Amino acid sequence: MTELLTVTSHNSFELIEKKSRFIAEIFPIESEETAKNAIANVQQNNREANHVVFAYTLGLKSETQRESDNGEPSGTAGKPVLDVIVKNNLVNVLITVTRYFGGIKLGASGLIRAYSGAAAKVVEQTKIFQLVLQDKLAVTADYASLDRLQYFIQQHHAEITKSDYGQQVNVTLLIPTADSSRFQEELTNLFSARIGIKKIAEILSPTLIKH
């Protein structure tokens with residue numbers, strides 16, 4: 001399976017090419033509506049710009065792909081930006097590149113290099129997260145088992161997302177789906193009947209892989 005990567009925050013990078021300014025911005029998106037809103041905001045903030053080019057993908061298999069040259073010669077702007085997104089296995093990501101014309105024409109090959117270069121740089125300088133399929137587990141234990149349970153969870157690098165302390169200890173945690181069966185089996189064997197485990201969901205969770 002192809003590694004699924006994404007971003008969780010906005011970032012920008014500015015490239016100067018023969019006096020033209022190319023301002024690349026990257027955004028996490030959840031839907032076409034959020035993509036369109038982000039594009040509209042970039043356009044609003046750059047009303048004097050000559051072009052606001054964009055490309056984005058949505059869906060875990062990049063089922064939705066959109067790109068726009070926004071007045072640049074066909075294939076010289078939006079497509080090179082989209083190629084950067086696809087090449088980097090990014091999903092649910094929008095990149096806009098705003099151009100302020102500097103008076104010197106770049107030609108088709110120059111435009112492709114500038115737009116793809118600006119897009120590649122903003123990706124390079126942004127924190128990248130891997131989307132990992134995880135099991136969400138509900139674990140119930142008695143207080144006598146709490147210290148051993150917390151140590152076990154820590155040793156297996158599971159992530160506690162919620163803890164409730166009532167008559168019993170109730171912990172909600174995340175563990176990569178690939179490790180979940182072994183984790184549950186070892187936990188059951190360690191605590192025998194003194195613990196309850198229930199899988200309540202599967203989720204895709206972002207894990208930082210590049211600062």
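# A tour of the predicted model

Start with the largest nonpolar core, which has 27 residues. Select Phe22, Val81, Ile95, Val97, Tyr115 and Val123, the residues with the most contacts inside this core. Then colour the elements that give two or more residues to it: the strands β2 (11-17), β3 (20-28), β4 (51-58) and β6 (93-100), and the helices α2 (78-87) and α3 (107-124). Of these, α3 gives the most, with 7 residues. The model you are looking at is predicted. In soluble globular proteins, nonpolar side chains tend to be buried together.

Stay in this region and select Val81. Which residues does Val81 touch, leaving aside those up to four places away in sequence? They are Val53, Ala55, Ile95, Val97, Tyr115 and Ala119.

Next, select Leu137, Leu146, Leu149 and Val169. They are included in a second core, separate from the one above, that has 16 residues.

**Helix α1**

Select residues 32-45, which form helix α1. Its 14 residues should span 20 Å at 1.5 Å a residue, and the C-alpha atoms at its ends are 20 Å apart, so the two values agree. Now show the side chains of Ala35, Ala38, Ile39 and Val42, which are buried. These four cover an arc of only 100 degrees around the axis, and therefore sit on the same side of α1. What do the buried residues of α1 pack against? Their partners are β3, β4 and β6. Turn the helix to its other side to find Glu33 and Lys36, which are exposed.

**Two loop residues with positive phi**

Most residues other than glycine have a negative phi. Two places to look at in this respect are Lys18 and Ser62.

Select Lys18 in the loop between β2 and β3. Its phi is near 50 degrees, a positive value, although the residue is not glycine. Lys18 counts as partly exposed because its relative accessibility is 47%, between the cut-offs of 20% and 50%.

Move on to Ser62, in the loop between β4 and β5 (64-68). Here too phi is positive in a residue other than glycine, with a value near 50 degrees. Is Ser62 buried or exposed? Its relative accessibility is 17%, so Ser62 counts as buried; the cut-off is under 20%.

**Strand β10**

Select residues 195-210, strand β10, and pick out Ile209 within it. With 43% relative accessibility, Ile209 counts as partly exposed. Add Gln130 to the selection: Ile209 and Gln130 are 79 residues apart in sequence, but their C-alpha atoms are 6.4 Å apart in space. Not counting residues up to four places away in sequence, Ile209 touches Leu5, Ile128, Phe129 and Gln130.

**The whole chain**

Zoom out and show the chain as a cartoon. How many helices and strands does the chain have? There are 5 helices and 10 strands. The radius of gyration is 23 Å, well over the 17 Å given by the globule rule for 211 residues, so the chain is more spread out than a compact globule. Switch to the C-alpha trace, which spans about 75 × 30 × 25 Å along its principal axes.

To finish, show the surface. The chain exposes about 11500 Å², and carbon and sulfur atoms supply 48% of this area. Of its 211 residues, 41% count as buried. Among contacts between residues at least 6 apart in sequence, 73% join residues at least 24 apart.

How values were computed
Residues are numbered from 1 along each chain as its sequence is written. This is a predicted model: local features need pLDDT of at least 70, side-chain atom pairs count only at pLDDT 80 or more; totals for chains, interfaces and linings use all residues. Side-chain values use heavy atoms; hydrogens and water are left out. A nonpolar core is a set of buried Ala, Val, Leu, Ile, Met, Phe, Trp, Tyr and Cys residues joined through side-chain atoms within 4.5 Å. Buried means under 20% relative accessible area, exposed over 50%, partly exposed in between (1.4 Å probe, protein chains only). Contact means heavy atoms within 4.5 Å. The expected span of a helix is 1.5 Å times one less than its number of residues. The arc is that of the directions from the helix axis to the C-beta atoms. The radius of gyration is taken over C-alpha atoms; the globule rule is 2.2 Å times the number of residues to the power 0.38. Accessible areas come from the Shrake-Rupley method with a 1.4 Å probe; for residues, only the protein chains shown count as cover.
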